[in-house]
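Me: Could you walk me through this one? I'd like to go through it a bit at a time.

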Amino acid sequence: QAHFVESGGGLVQPGGSLRLSCVASGFTLRYYRVGWFRQAPGKEREGVSYIGDGDGTLYYEDSVKGRFTISRDNAMNTVYLQMNSLKPEDTAVYYCATVLITYDGNWHPFGSWGQGTQVTVSS
């Protein structure tokens with residue numbers, strides 16, 4: 001069964017860094033756009049960034065632009081999210097999912113969710 005396994009979260013001080021990993025199982029990741037999403041307590045899940053399926057597309061929400069970097073290693077069937085200059089407002093459970101681009105240019109997750117990885121930014 002196709003699914004993702006996220007890892008790499010933890011507790012970090014403001015200004016610190018973490019690198020999240022998202023390993024795909026049951027399917028070949030290279031053929032899909034993949035995105036990172038996050039859900040903070042009491043808030044809806046939101047998209048953070050996505051990477052194209054080989055066309056070089058990289059997209060970041062304004063809140064993380066310049067601080068986060070998404071990348072992929074197709075040989076490892078893995079997508080990464082390097083997070084630098086972390087802020088308390090980045091605290092959330094982070095998930096990855098395949099991404100669908102709709103006719104209006106918006107991007108949406110599709111498929112099943114993994115268990116996520118908790119990122120806590122606090123002093």
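Me: Is Ser85 buried, partly exposed or exposed?
Reply: Keep in mind that this is a predicted model. Ser85 counts as partly exposed, because its relative accessibility is 40%.

Me: Where does Ser85 lie, and what about its phi?
Reply: Ser85 sits in the loop between strand 8 and strand 9. Its phi is positive, about 50°, although Ser85 is not a glycine. Most residues other than glycine have a negative phi.

Me: Which residue in the loop between strand 7 and strand 8 should I look at?
Reply: Try Asn77, which is placed in that loop. Asn77 has a positive phi too, near 55°, and is not a glycine. Asn77 counts as buried because its relative accessible area is 15%, and the cut-off for buried is under 20%.

Me: OK, switching to charges. How many salt bridges are there?
Reply: A search of the whole structure gives 4 salt bridges.

Me: What does Arg38 pair with?
Reply: Arg38 forms a salt bridge with Glu46, with the closest N and O atoms 2.7 Å apart. Arg38 also meets the side chain of Asp90 in a salt bridge, at 3.0 Å from N to O. That second pair links distant parts of the chain: Arg38 is in strand 4, Asp90 is in the loop between strand 8 and strand 9, and they are 52 residues apart.

Me: And are those residues buried or exposed?
Reply: Arg38 is buried, at 6% relative accessibility, and Asp90 is buried at 1%. Glu46 counts as partly exposed, since its value is 38%.

Me: Which residues make up the salt-bridge network?
Reply: Arg38, Glu46, Arg67 and Asp90 are joined into one network by salt bridges that share partners. Separately, the side chains of Lys65 and Asp62 meet in a salt bridge, 3.0 Å from N to O. Asp62 is exposed, with a relative accessible area of 64%.

Me: Now the cysteines. How many disulfides are there, and which residues are joined?
Reply: There is 1 disulfide, and it joins Cys22 to Cys96 with an S to S distance of 2.0 Å. The two cysteines come from distant parts of the chain, 74 residues apart: Cys22 is in strand 3 (residues 18-25) and Cys96 is in strand 9 (residues 92-101).

Me: What's the handedness of that link?
Reply: The link of Cys22 and Cys96 is right-handed, with 85° about the S-S bond. Cys22 counts as buried, because its relative accessibility is 0%, and Cys96 is buried at 0% as well.

Me: What about the largest nonpolar core?
Reply: The largest nonpolar core has 25 residues, and those with the most contacts inside it include Phe4, Trp36 and Met83. Strand 3 gives the most to this core, with 4 residues.

Me: Phe4, then: which face of strand 1 is that on, covered or uncovered?
Reply: Phe4 is on the covered face of strand 1 (residues 3-7), along with Glu6. The uncovered face has His3, Val5 and Ser7. Strand 1 runs antiparallel to strand 3, and 5 bridges join them. One of the bridge pairs is Ser7 with Ser21 in strand 3.

Me: Last one: which residues form the nonpolar patch on the surface?
Reply: Tyr31, Tyr32, Leu100 and Phe110 do, with about 410 Å² of accessible area together. Phe110 lies in strand 10 (residues 107-110) and counts as partly exposed, because its relative accessibility is 35%.

Notes. Residues are numbered from 1 along each chain as its sequence is written. This is a predicted model: local features need pLDDT of at least 70, side-chain atom pairs count only at pLDDT 80 or more; totals for chains, interfaces and linings use all residues. Side-chain values use heavy atoms; hydrogens and water are left out. A disulfide is a pair of cysteine sulfur atoms within 2.5 Å. Buried means under 20% relative accessible area, exposed over 50%, partly exposed in between (1.4 Å probe, protein chains only). Two strands pair if DSSP finds at least two bridges between them. Patches are made of residues with over 30% relative accessible area and no salt bridge: like charges are joined within 9 Å, nonpolar side chains (Val, Leu, Ile, Met, Phe, Trp, Tyr) within 5 Å. Accessible areas come from the Shrake-Rupley method with a 1.4 Å probe; for residues, only the protein chains shown count as cover. A nonpolar core is a set of buried Ala, Val, Leu, Ile, Met, Phe, Trp, Tyr and Cys residues joined through side-chain atoms within 4.5 Å.
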